[in-house]
Amino acid sequence: MAILVNAYCTHRSPAMMEFPHSNLQMRDRSDPELPKHLQDFIGFLMQGGEREMTQSLYAVYRHLQRVQNQASFEVEGENIEAISTWAIQSNAILFLPDGSVRDPCGKVLVDPDTGEAEDRATVPYLDGAVQRKSRTMDQLAQRSIHVAENLPPAVGEGEVELRSAEDVAWRSIGLLIAAVRAESVASEEPIAVDELRARAPLAFKAFTPAESEFVQDTNPDNQTVVNFAWRYESLFVLQWALGLHAALPFPDKICDVPGVARCMLPKNHGEILRQAKLRSTAEILDALDFNYRLLWSVRDAGLNKTEPPAGIDPGVVSERQHALNWLVRFEDSDWDHVDTPS
């Protein structure tokens, strides 16, 4: 008897199916219906928000957000176990006709009735991502920074599509001028909008809706000014990603704000766009995984009303995470709506 299998792969290039199957249909993120389907499927699994969120269910939810390819196919019952090797290689979880979601080895991750996971069921992660997490944990241990072991790996190289170098350059230009405007307002010497436009006309094409509103607000509230001034930290990360800084130092102090501004402010912004080139994906993901765990550690310290470990500055790691999550297209969010869960 043929069994219909829906597989949700986070790998951008799923492995070849070398097991007997039929009626294969495959779609990727270029299909505009896939994101909607994934959101509907998440809603189905969460029972419209009524199902209690468990660690396993949350891991499935995050997996589905990272899906790059969905495959639908049929296998005869005697061949069902042969799917496992392909599912592991493709970093796929499986949805079967009984309503269960299963890991690559067939163990139940989400029971259709209880929502519970079977013992030893595991949401898959790419080997490279798991190894990166291990390296990060070693680095943190050397600094005596405790981080929960059950935090998942960051997105892996085989499943991520970074923002383009040109997009990062545009975003950097917009961030720069919004932050400069905030700094000038905070110092009670606000730079006029017309002067900013004359000095950096491309920035006004790069602004997000929130940045545009802020820059043109003649009387912004203090908290908004502070929030945009903190964007120098996000900008520093994007400049680093463009190779304009040698390293991301440990985040125990704020960045060199004048240096970050000088890195781009006096330059021809058109040239910055034309010459933009990103660091390697591996370097960016190393920074993402490391900062993600630091963010958890400072938030854990806040919940326990203790000082952040190793002198970490919570504002710095939060802004860095915003930039890094945007770089890796976390939840496919635009800049103004990037989330930084930990």
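**Learning to read a predicted model**

User: Let me start with one residue: does C9 count as buried or exposed?

Analyst: C9 has 0% relative accessibility, so it counts as buried. The cut-off behind this is that buried means under 20% relative accessible area, and exposed means over 50%. Please keep in mind that this is a predicted model.

User: And what about C105, buried or exposed?

Analyst: C105 counts as exposed, because its relative accessibility is 55%.

User: How many disulfides does the structure hold?

Analyst: There are 0 disulfides. A disulfide needs two cysteine sulfur atoms within 2.5 Å. The cysteine sulfur closest to that of C9 belongs to C105, and at 15 Å it is too far for a bond.

User: How do I read a strand, and which residues of β4 lie on each side?

Analyst: In a regular strand, side chains alternate between the two faces of the sheet. In β4, residues 92-95, A92 and L94 lie on one side, while I93 and F95 lie on the other. These four are all buried, and both faces of the strand are covered.

User: Which strands does β4 pair with?

Analyst: One is β1, residues 2-9, which pairs with β4 in the antiparallel sense over 4 bridges. Our cysteine C9 turns up here again, standing opposite A92 in β4. The other is β5, residues 101-102, joined to β4 by 2 bridges and also running antiparallel. There, F95 stands opposite V101.

User: What do β4 and β5 form together?

Analyst: They form a hairpin with 5 residues between the strands. In its turn, G99 has a positive phi of about 90°.

User: Now a helix, please. Why is α10 described as largely enclosed?

Analyst: Here we count its buried residues. In α10, residues 231-241, 11 of the 11 residues are buried, so the helix is largely enclosed by the rest of the structure. Among them are Y232, L238 and W240, along with R231 and E233.

User: Which helices do the buried residues of α10 pack against?

Analyst: They pack against α5 (165-186), α9 (222-229), α11 (257-262), α13 (281-303) and α14 (314-327). Just after α10, G243 takes a positive phi of about 80°.

User: Which contacts does A261 make, beyond its neighbours within four places in sequence?

Analyst: A261 touches L176, Y232 and P266. This alanine is in helix α11, and it counts as buried because its relative accessibility is 11%.

User: How do I read a nonpolar core, and which residues touch the most other members of the largest one?

Analyst: In soluble globular proteins, nonpolar side chains tend to be buried together. The largest nonpolar core here has 54 residues, and Y232, L238 and L327 touch the most other members. Helix α5 gives the most to this core, with 12 residues. A second, separate core of 19 residues includes F41, L57, L64 and V123.

User: What does L327 touch, leaving aside its neighbours within four places in sequence?

Analyst: L327 is in contact with E161, L162, R163, V168, L238, A241 and I284. Two of those names, L238 and A241, are buried residues of α10.

User: Finally, the whole protein: how many helices and strands are there?

Analyst: The protein has 14 helices and 6 strands. Its C-alpha trace spans about 75 × 45 × 40 Å along the principal axes. Of its 342 residues, 50% are buried. Among contacts with a separation of 6 or more, 73% come from residues 24 or more positions apart. The protein exposes about 16900 Å², with carbon and sulfur atoms supplying 49% of it.

Terms used: Residues are numbered from 1 along each chain as its sequence is written. This is a predicted model: local features need pLDDT of at least 70, side-chain atom pairs count only at pLDDT 80 or more; totals for chains, interfaces and linings use all residues. Side-chain values use heavy atoms; hydrogens and water are left out. Buried means under 20% relative accessible area, exposed over 50%, partly exposed in between (1.4 Å probe, protein chains only). Contact means heavy atoms within 4.5 Å. Two strands pair if DSSP finds at least two bridges between them. A nonpolar core is a set of buried Ala, Val, Leu, Ile, Met, Phe, Trp, Tyr and Cys residues joined through side-chain atoms within 4.5 Å. Accessible areas come from the Shrake-Rupley method with a 1.4 Å probe; for residues, only the protein chains shown count as cover.
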